[in-house]
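Student: Could we go through a structure together, slowly, and ask at each step how a term is justified?

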Amino acid sequence: MEIGALQETMRATYGDRDTARGRDGTFRWLTEEVGELARALRTGDRANLEHEFGDVLAWLASLANLEGVDLERAAARYAVGCPRCGHLPCACEPR
Ligand SMILES: [Zn+2]
């Protein structure tokens, strides 16, 4: 699935609810899911890890829909390598 298609599916599936909840509530849900991803990383449960990555992506897409951000365009920033140095792989100082 392409990220733009995911965003469109999220809009069709949850767009009304996302709008009713609003940006701040949706952002809180995203951060909660990031916390669940952190726990899944700690436990090393592979099946749960994939589930949590999916939830983070879904909530990120919901938030992008509310903010009118096109994730396909946002991701394009990284499509051809590092957006800072322009190299692939990145040649920046590690941080
Ligand atoms: Zn770089």
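What follows is a conversation about the helices, the buried residues and the side-chain pairs of this predicted model.

Student: What makes up the secondary structure of the protein chain?
Tutor: The protein chain has 3 helices and 0 strands, and along the sequence this reads as the pattern α-α-α. The C-alpha trace spans about 45 × 35 × 25 Å along its principal axes.

Student: How do you know whether helix 1 is straight or bent?
Tutor: Set the expected span against the span in the model: a straight helix of 41 residues would span 60 Å at 1.5 Å a residue, whereas helix 1, residues 3–43, spans only 27 Å between its end C-alpha atoms. The bend of about 105° is located at Gly22. Just after helix 1 comes Gly44, which takes a positive phi of about 75°.

Student: Which residues of helix 1 are buried, and what covers them?
Tutor: The buried residues of helix 1 include Leu6, Met10, Asp18, Gly22, Thr26, Leu30 and Leu37. The cover over the buried residues of helix 1 includes helix 2 (46–67) and helix 3 (71–76). For the protein chain of 95 residues, the buried share is 26%.

Student: Why is Ser62 called buried?
Tutor: The term buried requires a relative accessible area under 20%, and Ser62, at 2% relative accessibility, therefore counts as buried. Ser62 lies in helix 2, and it touches Met10, Asp18 and Thr26, leaving aside residues up to four places away in sequence. Met10, Asp18 and Thr26 are themselves among the buried residues of helix 1.

Student: What makes Asn65 a buried residue, and which residues does it touch?
Tutor: Asn65 has a relative accessible area of 14%, so by the limit of under 20% it is buried. Asn65 is placed in helix 2, and with residues up to four places away in sequence not counted, Asn65 touches Gln7, Met10 and Arg11.

Student: How many aromatic pairs are there, and why is the pair called stacked?
Tutor: The count comes to 1 aromatic pair, formed by the rings of Trp29 and Trp59, whose centres are 5.4 Å apart and whose planes are at 10°. Centres must lie within 6.5 Å for rings to pair, and planes under 30 degrees apart count as stacked; both conditions are met by Trp29 and Trp59, so the pair is stacked. The pair links distant parts of the chain, with Trp29 in helix 1 and Trp59 in helix 2, 30 residues apart.

Student: Are Trp29 and Trp59 buried or partly exposed, and how do you know that?
Tutor: Trp59 has a relative accessible area of 17%, which is under 20%, so Trp59 is buried. Trp29 has a relative accessible area of 36%, and since this lies between 20% and 50%, Trp29 is called partly exposed.

Student: Why is the contact between Asp18 and Arg21 called a salt bridge?
Tutor: A salt bridge needs a side-chain nitrogen of Lys or Arg within 4 Å of a carboxyl oxygen of Asp or Glu, and the side chains of Asp18 and Arg21 meet at 2.8 Å, N to O, so the term applies. Both residues lie in helix 1, 3 residues apart, about one turn of the helix. Asp18 is buried, with a relative accessible area of 2%, while Arg21 is partly exposed, with 31%.

Student: How many salt bridges are counted, and which other residues form them?
Tutor: The count comes to 3 salt bridges. Glu8 and Arg11 meet in a salt bridge at 3.2 Å, N to O, and Arg23 forms a salt bridge with Asp24, the closest N and O atoms being 3.4 Å apart.

Student: How do you know the separation of Glu8 and Arg11 in turns of the helix?
Tutor: Glu8 and Arg11 are 3 residues apart in helix 1, which means a separation of about one helical turn. In general, an α-helix has 3.6 residues a turn, so residues three or four places apart point the same way.

Student: What makes Glu8 and Arg11 partly exposed?
Tutor: Glu8 has 42% relative accessibility and Arg11 has a relative accessible area of 39%; partly exposed is the term for values between 20% and 50%, so it applies to Glu8 and to Arg11.

Key. Residues numbered from 1 in each chain as written. Predicted model: local features only at pLDDT ≥ 70, side-chain atom pairs only at ≥ 80, totals over all residues. Heavy atoms only, no water. Helix = DSSP H or I, 4+ residues; strand = E, 2+ residues; numbered from the N terminus. Expected span 1.5 Å × (residues − 1). Bend = angle between axes of the 7 residues up to and from the residue. Buried < 20%, exposed > 50% of the residue type's maximum accessible area, 1.4 Å probe, protein only. Contact = heavy atoms within 4.5 Å. Phe/Tyr/Trp six-rings, centres within 6.5 Å; stacked < 30°, edge-to-face > 60°.
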